[in-house]
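Please open the structure in your viewer and keep the selection tool at hand. The stops below are meant to be followed in order.

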Amino acid sequence: MCATCGCGNDTVGVITVGHDGPADPGHGRDGPPHSHGPGHEHAHDSHEHAHDDGPPHTHPPATETVSLEQKVLAKNDHLAQHNREWLRERGILALNMTSSPGAGKTTLLERTIRALPGTPIAVIEGDQETVRDAERIAATGARAVQVNTGAGCHLDAEMTRRALHALDPASGTVLFIENVGNLVCPALFDLGEAGKVVLISVTEGTDKPLKYPHMFAAAGLVLVNKIDLLPYVDFDLAACTGYAHTVNPGLEILPVSATTGAGLDRWYEWLAEQRRAGAPRLEGVGHPV
């Protein structure tokens, strides 16, 4: 279980590579995943006091919980730094794409891949179940790895490392890491990316940046998607932009429509700028450690 968010996210359930790539049949660890059968319970350090007039009263071990959260994040950060160094050595621009469910990340990536045929692009797809998004990406001609997290609500650095092993992107690739739809936990877990891109849609609340400030504070870019629906929904683009800037004053915000293509030219320019600012390529180097 993930001690930070309690989501049970400590294994990679499935890794599937699309577009004739290699596959990793493992489950996110060097050994088999750890599971619990019915009726199997762990002992916990919490203190329980039995009372004759009611159920046991439990005091959560707050100190131990905080310590475990720190250890989980410290281990993740260590692995993320290895991922980052491996990506930098190859001049691979890795972007952690985050959003609420249904904001349009996969549609955006499909359109981006087709609009940039001269740019090598690969995708790590994160979802709780199914390989549908990886299949959609593979249909564009790009290589994709699907990571299924099961009960997990986010990707972590170890999952990303194993996906990189399976995908093995070439030097100079733009690597999109499409995280599980969630604006909470992905803000906490560094994957080794160069930056986070947050996608929100006009079908969501105007005050999204205020409700999820950690994600917007960590972002390098926000794409406000589905602007073709603005005449039909109650969404104040100017107010949303202002809220985002109260959380992150230097944040660039691009209104776009992944359906119609409106505003996407600036998105493509931003990607080109990030590639030009990236690390030099080194050929002939191996898998991430």
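**Stop one: paired strands**

Begin by selecting strand β5 (residues 121-127) together with β7, which pair in the parallel sense over 5 bridges; strands here are DSSP runs (E) of at least two residues, helices are runs (H or I) of at least four residues, both numbered from the N terminus, and two strands pair if DSSP finds at least two bridges between them. This is a predicted model, in which local features need pLDDT of at least 70 and side-chain atom pairs count only at pLDDT 80 or more, while totals for chains, interfaces and linings use all residues. Residues are numbered from 1 along each chain as its sequence is written, and side-chain values use heavy atoms, with hydrogens and water left out.

Within this pair, look for I121, which stands opposite V174 in β7. Now colour β7 (residues 174-178) by burial, and you will find that 5 of its 5 residues are buried, where buried means under 20% relative accessible area, exposed means over 50%, and partly exposed lies in between (1.4 Å probe, protein chains only). Both faces of β7 are covered, with V174, F176 and E178 on one side and L175 and I177 on the other.

**Stop two: strand β4**

Next, add β4 (residues 93-99), which runs parallel to β7 and is joined to it by 5 bridges. Two places to zoom in on are A94, which stands opposite L175 in β7, and N96, whose bridge partner in β7 is I177. Strand β4 is largely enclosed by the rest of the structure, because 7 of its 7 residues are buried. Select β8 as well, since 5 bridges also join β4 to this parallel strand; there, L95 stands opposite G195.

**Stop three: T206**

Move on to the loop between β8 (195-201) and α5 (208-211), where T206 has its place. Is T206 buried or exposed? T206 is buried, with a relative accessible area of 17%. A polar atom of the T206 side chain lies 3.1 Å from the backbone nitrogen of D236. Beyond its neighbours within four places in sequence, T206 is in contact (heavy atoms within 4.5 Å) with residues including D234, F235 and Y243.

**Stop four: P255**

Finally, select P255 in strand β10 (residues 252-255), which is partly exposed, with a relative accessible area of 33%. Leaving aside neighbours within four places in sequence, show V224, I227, L237, A262 and G263, which are in contact with P255. To close, draw a C-alpha to C-alpha distance from P255 to S201: these residues are 54 apart in sequence and 9.2 Å apart in space.

Methods:
Polar contact = N/O pair within 3.5 Å; in protein donor to acceptor, adjacent residues only side chain to side chain.
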